[in-house]
Amino acid sequence: MWSILLRKFEKYPAQQKVLKLLFERGFQVSDEGKVTSGAIEIAHTQLAREAGVDRRVVDSTTEVILSDDQLKKIFQNVKSIPFLRDVAPLMGQGVIIITPDDASNKGIISEVSTVIAQQNISIRQAVSDDPFFTDEPRLTIITDTKVPGSIIEELLKLDSVKSVNIA
């Protein structure tokens, strides 16, 4: 799906950068061409600086998004969520970061969550990096309690898991 969206901008690599930034951050594009996070407007100059492009590239990207039904539906409905990885330890929660052997394999989340459930630990959040956006995708699991070190051994027994870190 992502490659289909990028093809719409294949002649405009600067606009591709903006498209990726909007999607990665979960920013929406309003009917007026404004970039928003909920009801908060994000200045096009700030987006341009982050993407390393001119502000006019952001303007033209939002115009293209609004002129394409598929892109418009996506960018008027995408949402961002709070990612708890860095604050979970401050709130007494556990963090497990899994590096998969191959992120394109099916069932990784299922296998990992089964091991965690067998330890009688509840999962509060699971966030999986999209292999398209990062060279080393990871699965981050936030648990309701700190995680015992013994769970590392169990997770490493899974064929789909290359490495495990606990915070």
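## Exercises on a predicted two-domain model

The UniProt annotation "domain: ACT", from an unreviewed entry, covers residues 97-167; such positions are given in the numbering used here, feature names are shortened, and annotations may be inferred rather than shown by experiment. This is a predicted model, where local features need pLDDT of at least 70, side-chain atom pairs count only at pLDDT 80 or more, and totals for chains, interfaces and linings use all residues. Residues are numbered from 1 along each chain as its sequence is written, and side-chain values use heavy atoms, with hydrogens and water left out.

**Exercise 1. Describe the overall layout of the protein.**

Step 1: Start with the elements. The protein has 7 helices and 7 strands, taken as DSSP runs numbered from the N terminus (helices are H or I, at least four residues; strands are E, at least two). Read from the N terminus on, their order is α-α-β-β-β-α-α-α-β-α-β-β-α-β.

Step 2: Now add the domains. Domain 1 covers 1-76 and domain 2 covers 88-166, with bounds that come from an automatic or database domain assignment. Their C-alpha centres lie 31 Å apart, and the C-alpha trace of the protein spans about 55 × 30 × 25 Å along its principal axes.

Step 3: Return to the annotated stretch. Residues 97-167 are 25% helix and 30% strand, and the C-alpha atoms at the ends are 8 Å apart.

**Exercise 2. Work out the strand order and edges of the two open sheets.**

Step 1: Take the sheet of 3 strands. Its order is β1-β2-β3, with antiparallel pairing; two strands pair if DSSP finds at least two bridges between them. β1 (28-29) and β3 (40-42) each have a single partner strand, so one side of each is left without a neighbour in the sheet.

Step 2: Check one pairing. β1 and β2 (residues 35-37) run antiparallel and are joined by 2 bridges; Gln28 has Thr36 in β2 as its bridge partner.

Step 3: Take the sheet of 4 strands. Here the order is β5-β6-β4-β7, again with antiparallel pairing. The edge strands β5 and β7 (161-166) each pair on one side only. From one strand to the next, the twist averages 15° (axes are lines fitted to C-alpha atoms, and angles run from 0 to 180 degrees between N-to-C directions).

Step 4: Look at β4 (residues 94-100). This strand pairs with β7 in the antiparallel sense over 5 bridges, and Ser163 in β7 is the bridge partner of Thr99.

**Exercise 3. Characterise the largest pocket and say what lines it.**

Step 1: Find its volume, about 520 Å³. On a 1 Å grid over the protein atoms alone, a pocket is an open set of points where a 1.4 Å probe fits, with protein on both sides within 12 Å along at least five of seven lines; lining residues have an atom within 4 Å of a point. Grid points are joined across faces, edges and corners, and the volume is the space filled by probe spheres set on the points.

Step 2: Locate the centre. Of the 15 lining residues, Phe23, Glu24, Arg25, Val127 and Ser128 are the closest to it.

Step 3: Assign the lining to elements and domains. α2 (13-25) and β5 (123-128) each supply at least two residues, and α2 gives the most, with 3 residues. Domain 1 and domain 2 each provide at least three residues of the lining.
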